[in-house]
Structure formats: C-alpha cells, structure tokens
Amino acid sequence: LLQSNLLISHAVGVGNPCPDIIVKIMLLLKIISFSKGFSGVTYQLVDFLIQLFNNNYLPIVPLKGSVGASGDLAPLSHLFLPLIGKGEIKINNSIVSSKSALNKINLKPISLQKKEGLALINGTQFSTAYGVFCIYKINNLLKVSDIAGAMSLEAMMGSKKPFMQSVNKLKNFKGQLQSSKNLTNLLANSEIMNSHKFCDKVQDIYSLRCMPQVHGSSRDLIDFAKNQINIEINSVSDNPLVFSDGSIISAGHFHAEAIAHSLDVAAISLASLSNISERRTFALLSGDYGLPKFLVSNAGLNSGFMMLQVTAAALASENKILANPSSTDSIPTCSNQEDYVSMAPYSGRKLYDSLHNFQIILAIELFCGVQGVEFREGLKPAERLNKIHKLIRNKVPFLDKDRLLKTDLDNIVELIN
C-alpha cells in the first residue's frame, strides 16, 4: 500500500505535457537503471516498462513541479501511474486512460512489491532525458554552426588564415582545433576566396576571425556535458540501494547535481554560439563588405532580411537569459530533509528551449549567408559550401524583393533537422 501511495501522492506535476521524445527516453533510462540490479525490483515490473516502451505507450507527464530533490519525484510518479492503472497514456496522438490503453495490449495493472514504488519515483530520468536529447542535437548543430560561419565569411570576403592548424596549435584546445579544421576544410577551393587573395585588409571582425576560439570552447563544454550524461545513463540513480549480500543502503544517488551542472554548462555554450551567429547575421545586413544593405538590391522599397535579424537578436537575447544557471539555486523541501536540491529539471527544460532557439538562429544566418555569396559577381563559394548553397536554393529561392519569409525560414530549419 505504501508503494502505491507513493506514486499517487507524488503525482502532483503541473503545466503542459512533457514532449513525447523526452517521455520515451525517460522510460528507456529507467529500464537501463533497473537492469543494473541494485534497485530491488521484480522482473515483472521491468517487463511492464519494456511493454510500454515497445508499444510506444507514452504516459502523460506534466512539465513542472520537480526540484530534482530525491531525483525527479513528480515527473516520475506521473510516468509510472499506469503500472497501477491510473493516469493517462498517449497513443498515436490520442490521450486515453491508462486502463483503456493497457487493455489493448492485454496488460494488467500490477501490485507493487516492497521497495518498487520508491525505486520508480527516485531517480534522475526526467532531467537526464533532456540531457540525452539536447546534447545529441547540439552535437549536430555544432557542425552546422561551423557551416553557417564559413558561409558568412565567404559572403563578407573574410580570411581563412586565422583557421590554419599551425596557428591554432599554439592554443591547443581540443574544440578549437576541431573547429579550425572544420572551417579550413569547408573553405577549401573557393573562387570567392581566391578573388581577394592579395587584398590589403589586415583582419576581420571577431565574429569571423575568432570562430575557432568561440565555437571551439563551446565544443569543449558540450563534450564535458556529454561525458557526464553518459556516466549518468549507465548508473543506478534510485534509493535505497539493494546489494546482493542483503545490505540495504540509503545514499544520495538520486541527486541530480551532476546533470544540473552539465545542462547549465551546455546552455552557456549555446548562448555564446547564438550570440556570435547573430553578430555575423547583423554584419551581413549592415551594408558593408560590398554587400547591399539588408541583402536586397532596393533597400528603400524592400526591407529584405532586416526583420530576420531582429528575430535572431530576440532569440539570442532569450538564450542569454536561459543560460543563467539553474543549478546555483536551491530551495529546501520535505520538512528540510531535502535541504539542498539540484534544480536539474529546470536546467533540462530551459536547455530544450535554448536548443530550439539556436536552431532558428543558425537557419537565419545560413539564409543570409547564402543570399550574400550571390552578390559576389558570379564567383562560387568553396566546393563544400557550394553544395550547401545548392541544397538551400532547392528549397528557398533568391530574394529579389520582399516576400513572406516565414515559410522559407521553416524550410531551412527542416533542412538543418
């Protein structure tokens, strides 16, 4: 009775439902944690979770209401209400009662055994699921960030000399070396670059020249976060722990401080990448570098890309706010037993929002960069960038006069995905 009561009493989350992909990852992470054999649960319970996962039965989990104390108590309680026949489940975009959903696959609610309620609701799976999803996506967007920056550099006729490996090895950061290598490869065999090989310009603006340093440091932060998330994925995070010699130890593995720190660090890296991308977009539209103002021929009559930069600025500014660490906050709960909490759930939720903002910021820069290189007297950008240029132009035509740009922007975001 206590184990069932724990699920029922702790299921007090509020707000919109958690994204489907996060719920699915939560189920998988709990299965992995239980498979380590230190949670004191029955095979029947684990098999129930596997059935939910394999049938894509996604319990409705409200977003808000967890401080990452004994782990993600409220979200995990909602996630596992179906085990006792309560709560709701999403099946193919339809929300039905758990009992009705379970009947469809001949699965009956189970009677929780000793420890099983505690094992289900103690853990970091809500926060860690956000880490799994976001870090995977960010890893891909780091590459897109280099691509967008290289395209902007071509459009503004910048120099690739700052990206030489011999230069960047003098500051031997792993991420910096990777970003400089990417940029060098992306900019190889460029007609635009060759056309100004002997110009008298000494140095570019920081958002171009310092891409290895900024993109690279962000890579290093994401690598740190990825390593931490990987450790958490393959760990036991509930409480108490049950050992094969019969000892039962109450510890603090449910505490999500490592996850909170990791996700906050990732959000800081996204704020930097968002900011430098928006600065390149602003420069492309400034009317300098031999490019028309707002990247459109008749800027008096047409606004061109002006408002897209405003959107990028708004999202970059929002990402700065979202980069404020959640992990530096703590608020006591549970009669002060839980006197120091991680706040990891909000670290995850705000990183999720920051990620989607960043994706749009990169799409805007790519949109502007592709437009910019077409003002270079028919000269082609680097071979690899030219492929990206054609890919985007297959979806989005050149802008010669004002049109509705929202659809174009959505198409580029889809390409990035």
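**Exercise 1. Is Asn 56 buried, partly exposed or exposed, and at what relative accessibility?**

Step 1. Start with the cut-offs: buried means under 20% relative accessible area, exposed means over 50%, and partly exposed lies in between (1.4 Å probe, protein chains only).

Step 2. Asn 56 has 33% relative accessibility, so it counts as partly exposed.

Step 3. Now place the residue: Asn 56 sits in the loop between helix H3 (43–54) and strand E2 (58–59). Helices (H or I, at least four residues) and strands (E, at least two) are DSSP runs, numbered from the N terminus.

Step 4. Look at the backbone too. Although Asn 56 is not a glycine, its phi is positive, about 55 degrees.

A word on the source before you go on: this is a predicted model, in which local features need pLDDT of at least 70 and side-chain atom pairs count only at pLDDT 80 or more, while totals for chains, interfaces and linings use all residues. Residues are numbered from 1 along each chain as its sequence is written, and side-chain values use heavy atoms, with hydrogens and water left out.

**Exercise 2. Find where Asn 106 and Pro 240 lie, and describe the backbone there.**

Step 1. Recall the background: most residues other than glycine have a negative phi, and most peptide bonds are trans.

Step 2. Asn 106 lies in the loop between helix H5 (98–104) and helix H6 (116–121). Its phi is positive, near 55 degrees, in a residue other than glycine. At 72% relative accessibility, Asn 106 counts as exposed.

Step 3. Pro 240 belongs to the loop between helix H12 (211–233) and strand E6 (241–242). Asn 239 and Pro 240 are joined by a cis peptide bond, with omega about -10 degrees.

**Exercise 3. Describe the chain as a whole: how many helices and strands are there?**

Step 1. Count the elements: the chain has 17 helices and seven strands.

Step 2. Take the extent along the principal axes: the C-alpha atoms fill a box of roughly 80 × 45 × 35 Å.

Step 3. Add burial: of the 417 residues in the chain, 53% are buried.

Step 4. Turn to contacts (heavy atoms within 4.5 Å). Among those between residues at least 6 apart in sequence, 81% join residues at least 24 apart.

**Exercise 4. What span should helix H13 (residues 257–284) have, and what is the distance between its end C-alpha atoms?**

Step 1. The expected span is 1.5 Å times one less than the number of residues.

Step 2. For the 28 residues of H13 this gives 40 Å, and the end C-alpha atoms are 41 Å apart, which agrees.

Step 3. Check the surroundings: 20 of the 28 residues of H13 are buried, so the helix is largely enclosed by the rest of the structure.

**Exercise 5. How does H13 pack against helix H15 (residues 344–373) and helix H7 (residues 125–155)?**

Step 1. Two packed helices are described by the angle between their axes and the distance between the axes. Axes are lines fitted to C-alpha atoms, for helices over the stretch in contact, with angles from 0 to 180 degrees between N-to-C directions.

Step 2. The axes of H13 and H15 come within 9 Å and cross at roughly 20 degrees. That makes H13 roughly parallel to H15; angles under 35 degrees count as roughly parallel, over 145 as roughly antiparallel, 65 to 115 as roughly perpendicular and the rest as oblique.

Step 3. H13 passes H15 in a left-handed crossing, meaning that the near helix is turned anticlockwise from the far one by less than a right angle.

Step 4. H7 and H13 pack at about 20 degrees, with axes 10 Å apart. H7 is therefore roughly parallel to H13. The crossing of H7 past H13 is left-handed.

Step 5. Residues of H7 that meet H13 include Leu 142 and Ser 145, and those on the H13 side include Leu 273 and Arg 280.

**Exercise 6. Which residues does Leu 273 contact, leaving aside neighbours within four places in sequence?**

Step 1. Leu 273 lies in helix H13 and, at 0% relative accessibility, counts as buried.

Step 2. Its contacts outside those neighbours are Leu 142, Ser 145, His 215, Ser 218 and Phe 358.

Step 3. Leu 273 and Phe 358 are 85 residues apart along the chain, with their C-alpha atoms separated by 7.8 Å.
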